[in-house]
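Reader: I've got a fold on my screen and I'd like to learn how to read its cysteines and strands. Can you walk me through it?

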Amino acid sequence: ARAQGLTILNPQRIKWIASRLLAGETVGIKSTCPLPDKLPPRLRAANDDYDILISHRTRGKAEALRLVPPVAVLGVGCRSGIAEEALEEAYEMMLGRTNCCPEAVYKVCTIDLKAQEPGLLAFCRRHKLPLETYSAGELAAVSGDFSASAFVQSVTGVDNVCERSAVRGSGGRLIAKKNAGNGITMAMALREYPLSFGKEDSL
């Protein structure tokens with residue numbers, strides 16, 4: 001799990017899984033990320049009857065071993081001088097709206113005009129998230145159905161910042177379109193994250 005960048009939410013369940021495997025039992029695994037066609041011995045793909053859950057979502061069986069993949073990109077647009085506290089509030093709303101574990105978020109993306117925005121930089125430092133920025137031209141080149149704003153276009157040179165930057169940064173798909181309020185827009189996108197177990201006889 002750690003070799004593939006997965007966060008272990010409840011490491012106390014590792015011994016339970018390991019003991020079952022050592023006893024020759026078969027363990028069910030459910031994943032929102034693509035699993036390899038051939039799983040290691042004594043592991044089986046499962047839907048409801050799972051013992052290991054690999055997911056960016058907060059929901060899941062309490063008794064399962066919970067592993068969170070780094071798949072979510074937070075796209076941000078904001079007015080100049082925005083407070084870190086306002087970004088925190090918007091972020092909590094976005095996590096709740098998407099049922100996304102904070103451990104799944106691996107970077108923040110925005111337009112290069114906001115590269116030195118103090119409140120945004122402080123927000124990224126607090127959450128230990130890198131900030132990745134793009135030019136208006138790079139964002140405009142992203143294909144997709146985005147929430148266009150004439151005002152944003154006039155200020156930044158592109159019709160949408162948060163959705164386009166989330167998709168550009170993830171190379172994936174939006175799971176939450178623009179949420180706007182208090183001078184902040186946020187969106188979230190997921191990247192593809194195929195899993196590999198390496199040797200067939202190892203977990």
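Author: Sure, and keep in mind that this is a predicted model. Let's start with cysteines: a disulfide is a pair of cysteine sulfur atoms within 2.5 Å.

Reader: Okay, so how many disulfides does the structure hold?

Author: Zero. Take Cys-100: its closest cysteine sulfur is in Cys-101, 6.4 Å away, and that's too far for a bond. For Cys-109, the closest cysteine sulfur belongs to Cys-124 at 9.3 Å, again too far for a bond.

Reader: Are Cys-100 and Cys-109 buried or exposed?

Author: Buried means under 20% relative accessible area. Cys-100 comes in at 2%, so it's buried, and Cys-109 is at 0%, so it counts as buried too.

Reader: Now strands. Why is strand β6 described as largely enclosed by the rest of the structure?

Author: Look at burial residue by residue. β6 covers residues 72–78, and seven of the seven are buried, so the rest of the structure largely encloses it. Check both sides: Ala-72, Leu-74, Val-76 and Cys-78 point one way, Val-73, Gly-75 and Gly-77 point the other way, and all are buried.

Reader: Which strands pair with β6?

Author: With strands, you look at the bridges and the direction. β6 pairs with β7 (residues 105–111) in the parallel sense, over four bridges, and Ala-72 stands opposite Val-105 there. Between those two strands the chain passes through helix α2 (residues 84–98), making a right-handed β-α-β crossover. β10 (residues 184–190) runs antiparallel to β6, joined by seven bridges, with Met-186 opposite Val-76.

Note on methods. Residues numbered from 1 in each chain as written. Predicted model: local features only at pLDDT ≥ 70, side-chain atom pairs only at ≥ 80, totals over all residues. Heavy atoms only, no water. Buried < 20%, exposed > 50% of the residue type's maximum accessible area, 1.4 Å probe, protein only. Pairing = 2+ DSSP bridges. Right-handed = clockwise from strand over helix to strand, strands pointing away.
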